[in-house]
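Hi,

Here is the structure I promised to pass on. Have a look at it first, and then read my notes below.

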Amino acid sequence: MRAVAPSSLWLGLCLLILPSLRAQDLASKVATVLSQADNSTIDQVFALAQQLTIDLDDKQTDPARDAFMAAAGKHGDKARLCAAVAVQDLKNDTTYGKDLLELLTPIAKSKDDALRAAAIALLGEDRFYNTRILPEVRKLIESNCKDELVAPAVRIEAALALWHIGTSEQRAIAKTTLEQFIRSTDQDLRVRGALTLAELNVAAGEAWTILRSVQLQPNDLGRRARLYLKREEERRQFEAMLSKLAESKQPSSPTGGSEDAYRVLSELKMRIHANHVLGSTVKDDELMQYAAKGMLSGLDPHSTFFTSDEFQKFFFDLNREYGGIGAFVNFDQDNDFSVIRPIYSGPAYSAGLLSGDKILEVDGWETTGHTSDEIISRLKGRPDTSVTLKVFRPGWQEAQTMAIVRKEVHVPAVNWTMLPGEIAYLELVNFSANLSAELETALKDVMAKGAVGVVLDVRNNTGGFLTQARDVVEKFVKGKQLVVYTQGPAEKRRDYFTRDTATCALPLAVLTNDFSASASEITAGALQDLHRAVIIGERSFGKGTVQNMMPLASEPGERFEDLNDDGSFQEGEPYEDSNGNKKFDVGAHIKLTVAKYYLPSDRCPHREFDKNGKIVDPGWGVIPDTKIDLLENKPEDAWKNSAIFALLKKNVFRDYVKKNLAEQPDLFRVLAEGDGGDSNKYPDFDTFYTGLDTKLSKDDVRRWVRYEVRDRVSDLRKAVYPGSRALGDPQEDAQLQEAVRQLLKQQGKDIRDVAAYQNVLKIPLDETSASTKEEKKRTSLK
């Protein structure tokens, strides 16, 4: 707990009494401190940052973060650095990762080397970034590490950060960079490189030689060298002592040899229990799980060990069926357990549940104070059993009771719609077991509606069953054609052919990005090799290996009574709770890489690295025929993310749409399909925009209002729109627009002649549209 001066306590009481004054005082304090930071040394900047957070409690973190971000943009780089240090101090997790990146990116490119090095040091803390932001942070740090024109001090700091935050390949880059410094002719660089290698515990012979040569120097470098040398000597002594202890307590190998591999695990367990900070609480079975994961992940990134709970979730992702009410649920912004979106083919929607409904009770059991897993376990159950929910909907005077009969729910693997220009747009969410049947339904629907072309979207689709990829391809390819074959050391070549069941001969485009992997790459790559589709977007992920799932006899699943004879456990079926944890355990499994797959042209999309971290085949992945970025925001508009996030936290878009959708549902159904980029089509939009007091443009706000509209209108149209926000929106998605353009061009049509696209096109178009050419021709004849 932070110590608080009496004056601070008095200020805290005032802030509780006068919330508006608290915001004013906080903003004033932030402005004052950041102004001081602009004229301070870097060491002083870090000290000033502590002043910004010293008196804050947990409830003030979000307002403080808003104040830091707002004020930082009005000051110089040192003030931005100060704000970043303060933001880091607010929460020790990923909550404010995007804000940190926004604050530090410009400084990490500064011409002031000391400032640049400080920013990179702050960026090298991976606990602040989620998996979506982390690649961008790594890329920024790696560029500073590898660029030989960057100042040595910056490169060393970047190598240190990259080691902590990077992938295994990037850590190799960091180590190589530091080893270059110890071979420098500049003694200072040699020492700094050696010190950094020692700090990372990867120093080798030459580095230790350098440190021994400077350990007696009466300066900071000498003192650090002495500390690292002393630590290394103590480590060696401890290793020798522990090895002797392990030898004395370890039984001999069953084979009588001295190289018993299990002795390593036994010694590791002993060390952990004796010395690790969690050694007294961690259990041996947990350590064995960690060891199993490490053993498999050390082979390749896709082989892994699943605990029973982990496998149950993984199995559901591939077999997306269960007994339940049929709704996506979670806690909303008010921390109430709510329906995020009903599955429109499920019993919840049939019973009247809509997006935003709050579930207060399940069979008389209150949801308040319980975790989502606990609540979901009560919503699920054996098909044809009843569950009673107490539900509140904004606008109701009181909560209502709904009785819902659980059904076997199929989570959709395909979302589809018709786009302007009579182009069908089909989003493949995953390659689960029900994909092929759903795709067939979707194709029949869009062809009946007069589609003249099909866009197949596998962006952000990380794959699934290989056979489902074959089934997708054969819907578009006539005759018997090779789609993919697999082959491995213990796996004979196995070919997967189409079975001459094609149902769609329409022109086809496939959208890919860097998260399109595995079965997505088979689909896109095979259609490309067979000259059946044009591939548009970004290079795919590069996963060209095949994994088999194997149960472990050492941790088998519990027995259960298979009431519906489907071969898998369903909630509500009787089972033997052998470990007494009051839940069914499916048992541990491993996913093991057993082969690679190859496309019809004999290419393997796998992105593989050699021992030096270099890519073996530069042609990895599926390379699009037309490369184009999503183009949702320009790089220079990154500041908008913070402004939009602030508005999202206030629920301004949701509240505006909720109010007006109820009053004008027909208008909003039209706006969900397309608004032509015109904010004037929205009721009282100017008043709404003015009230936001934001630096965002009207068009920025219109776009986010429309995203909310499309989410809310899904209930009215009984189907979700494919994609998410800009992704899949024909007005905002440049990759999708390019696919539509090319498909229309095959029909002799021009996308600019379709009214819905005329004011919202994001793609570059150099040629004159067909209608404009015709108009010029008529004018010249006159």
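**What I found**

Right after helix 21 comes histidine 531, and its phi is positive, near 55°. Keep in mind as you read that this is a predicted model.

Let's stay with that helix for a moment. Is helix 21 enclosed by the rest of the structure or not, and why? Here 11 of the 11 residues are buried, so helix 21 is largely enclosed by the rest of the structure. Among those buried residues are Ala519, Glu521, Leu527 and Asp529. And what do they pack against? You'll find strand 12 (453-457), strand 13 (482-488), strand 15, strand 16 and strand 18 (589-598) there, along with helix 20 (466-474).

Two of those neighbours deserve a closer look. Strand 15 (residues 508-512) pairs with strand 16 in the parallel sense, over four bridges. To get from strand 15 to strand 16, the chain goes through helix 21 (residues 519-529), and this β-α-β crossover is right-handed. If you want to find the pairing on screen, start with alanine 509: its bridge partner in strand 16 is valine 534.

Strand 16 has another partner too. It pairs with strand 19 (residues 626-627), again in the parallel sense, over two bridges. There, glycine 537 stands opposite lysine 627 of strand 19.

Now turn strand 16 (residues 534-537) around and check its faces: are they covered or not? Both are covered. Val534 and Ile536 lie on one side, Ile535 and Gly537 lie on the other, and all of them are buried.

Next, please jump to another part of the chain. Helix 4 (residues 61-72) and helix 6 (residues 97-104) pack with their axes 11 Å apart, at an angle of about 20°. Angles under 35 degrees count as roughly parallel, and that is why helix 4 and helix 6 are described as roughly parallel to each other. The crossing of helix 4 past helix 6 is left-handed. Which residues meet there? From helix 4 they are Arg65, Met69 and Ala72, and from helix 6 they are Asp99, Glu102 and Leu103.

Finally, the whole chain. There are 28 helices and 19 strands in its secondary structure. Of its 782 residues, 45% are buried. Taking the contacts with a separation of 6 or more, 64% are between residues 24 or more positions apart.

Cheers

Definitions and conventions. Residues numbered from 1 in each chain as written. Predicted model: local features only at pLDDT ≥ 70, side-chain atom pairs only at ≥ 80, totals over all residues. Heavy atoms only, no water. Buried < 20%, exposed > 50% of the residue type's maximum accessible area, 1.4 Å probe, protein only. Pairing = 2+ DSSP bridges. Right-handed = clockwise from strand over helix to strand, strands pointing away. Axes fitted to C-alpha atoms, helices over the stretch in contact; angles between N-to-C directions. Parallel < 35°, antiparallel > 145°, perpendicular 65-115°, else oblique. Left-handed = near helix turned anticlockwise from the far one by under 90°. Contact = heavy atoms within 4.5 Å.
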